[in-house]
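Here is a short set of questions and answers for someone meeting this structure for the first time. Please look over the sequence and the model before reading on.

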Amino acid sequence: MSTDTLARLVADLAGGRIRVVDLTLTLAPDMPAITLPPELGQAWPFRREEISRYDERGASWYWNNFSCGEHTGTHFDAPIHWISGRDLPDNATDTLPMEHVIGPACVIDCSRESAADADFLLTVPFIEDWEKRHGKIPPRSWVLMRTDWSKRTDPEAYQNYDETGQHTPGPDPAAVRFLIHDRDVLGFGSESIGTDAGQAQHLLPPYPCHYYMHGSGRYGLQCLANLDLLPPQGAVLVCPPLKIQQGSGSPLRVLALVPMP
Amino acid sequence: MSNPAPRPKRKNPILRTRLPTLPPHARSRVALGLTAAAALGRLELQRCRNCGAIQYPPRETCHICLSDRLVWEPQDGSGELVSETVVHISQELFFRERAPWRLGLVRLDCGPSVIAHLHGDCAAPPTRLRVLNCLDRAGQAVLVAIPEKETPNMAEDRQLREMSCDPRNRKILVTDGKTAVGQAIVAQLAAAGAEIIWVGYAEPWKKFPGFERIKTIPQVTLMPLDVTDSVSVKELAGEIGVKVDILVNTAEHHRAFGIAARAGTEVARAEMEVNYLGLLRLAQEFGPVMRARGADGRNNAVAWVNLLSIFALANYPPHGTFSASKAAAHSLAQCLRAEMLPSGIRVVNLYPGPVDDEWNQLILPPKLAPAALAAAVVKALQDGVEDVYPGDIAQDWLARWRDNPKALERELAQS
């Protein structure tokens, strides 16, 4: 049966009945990096240095060295990333179960609310209202918060800083607890630079999505794009991180398989 | 008086850009003592400790008593013009291209008679004047006689401008305008008559005080530039590199840690990325095109300014990794100077003591105000000097370092 399933999957992909949507932003030097207070340790932004380009350094080939942090660009957060998940088994990029990086995607559209309020917080009633329209979130799903934030191609607008810090949407603490305990999700994904809201250090607990999700062995995805091309339910997410030894996360290519009507 | 600098006409694009030529630059090792003084903007001559005679040109022994006990001593350069001449024909390419050229014989009050380049505002002999020890386009010391009293637009003299790197009417890139020092330099270069100032800024989402204000300076155009990003440096050089006459590298990363106070290499690497590799990236992308424009008319590519630190000479352990990155930049700036020399472009290094900014919060005054550092940059360009140690702390460290580097190392180990 499973042979049939895979054969049909491949045939549907070839026949265009299943579309592959790339949910990844391009890794480029001007891509905004996570910004912390300057006295703290900083993640490296993405950088690319030529090794050779068909020149005296290597006449027939072009290649680069690149550098970046584990949390640069479109990236995956493993449970070990947060202090709450530090002692869990299989909590790093090289040990987490690969079954968890392929799963159903539920896309909650918060784009209108985020456009009106950059500090918009996703709440339990908002999720329940979404479920009334699109069906209950199945267990072991990835929940993706669509905000259209990735359409902000100007880095300044994407980071959205003022003198009180960053202003980007995210989930409130109760919504995160609800997704874990009442819906048993695999992870949470966002379009902005963190799974938490820009002002989430002022919530209780601070950074609730990191704190609760990683504390219960769930994952995060951030800097996602093209969520507007996914249906509310029915797509399948594919998001394996790089197999970095004891990695807390990694840049990755995130794909969605979307059934065409 | 010299002509007030008119805004130069635009370049005629069908004429070839001349290649840089240099004035004669062979010097004996002893004569380089004069160059060492000129690099700091001082006139120093040899005095004999045996008989007291002061001599010029520099020699291995005293021209009176043949003693080799010679010391370099500062002189004020005042003297009298005895005679003058104008060179119309020279076999030196540099002067052929610049003839006519005015020279004078000056009897210095301290004794020797010298031949000096003669400023256009100096009256016919006999007249009082002052002799400066300047670096010429070859980076070697030459004597320049100027009027005793300031004349209008004195710096605009055609011959004097061949020695200086005056920012007036020049197009300047300041690589980081987000810092207080960068902003002060932009403001003072504008006040000194720069024609265009491109101001680089990285990470546009981070807002810093004063950044909005420099946008209101008419000569200023903001340009995205991150010296840690080779792609960004290459793009900006492609866009404006062919026009940059003076590059002032203000990009700096500074944290206050030694080795033990900060685990890991992230901070040290960030300092090296900006302070050392940033300079390397800028030099690789802007250096070649600036070298090609070393003789591009009256407003040629003329200078490259590095903001280093007095900590580059001797490590200040509380800011140990920062000191190391500045020592690396100091060494690389020497390489850049050697590579720029054939095109006549001056590499100016400033070695300030602690600047009064965020990262020197815990250092006691005196600290150098950003405006004072900016003033030192403008003055260095106007005077055409090569090494500047602005402020009391820098002067103190420099004197202690010259006197006994090991003693300074021990003193700093206990700081």
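The questions below concern chain B of this predicted model, moving from its domains to one of its strands.

Q: How far apart do the C-alpha centres of domain 1 of chain B and domain 2 of chain B lie?
A: The domain assignment of chain B places domain 1 at residues 32-161 and domain 2 at residues 171-413. Taken between the C-alpha centres of these two domains of chain B, the separation is 31 Å.

Q: Which class, nonpolar, polar or charged, has five residues on the side of domain 1 of chain B that touches domain 2 of chain B?
A: The contact between the two domains draws eight residues from domain 1 of chain B and nine residues from domain 2 of chain B. On the domain 1 side, two residues are polar and one is charged, while the class with five residues is nonpolar.

Q: Which residue of β3(B) is the bridge partner of B:Arg47?
A: Strand β1 of chain B, residues 44-48, has four of its five residues buried. Five bridges join β1(B) in antiparallel fashion to strand β3 of chain B, residues 70-74. Within β3(B), the partner of B:Arg47 is B:Val71.

Q: Which residue in the turn of the hairpin formed by β1(B) and β2(B) has a positive phi?
A: β1(B) also pairs with strand β2 of chain B, residues 54-55, through two bridges in the antiparallel sense, and there B:Arg47 stands opposite B:Ile54. Five residues lie between β1(B) and β2(B) in this hairpin, and the turn residue with a positive phi, of about 85 degrees, is B:Gly52.

Terms used
Residues are numbered from 1 along each chain as its sequence is written. Chains are lettered from A and ligands numbered from 1 in the order in which they are written. This is a predicted model: local features need pLDDT of at least 70, side-chain atom pairs count only at pLDDT 80 or more; totals for chains, interfaces and linings use all residues. Domain bounds come from an automatic or database domain assignment. Two residues are in contact if their C-beta atoms, placed from the backbone, lie within 7 Å. Ala, Val, Leu, Ile, Met, Phe, Trp, Tyr, Cys and Pro count as nonpolar, Asp, Glu, Lys and Arg as charged, and the others, Gly among them, as polar. A residue is buried if 20 or more other C-beta atoms lie within 10 Å of its own, exposed if 12 or fewer, and partly exposed in between; C-beta atoms are placed from the backbone. Two strands pair if DSSP finds at least two bridges between them.
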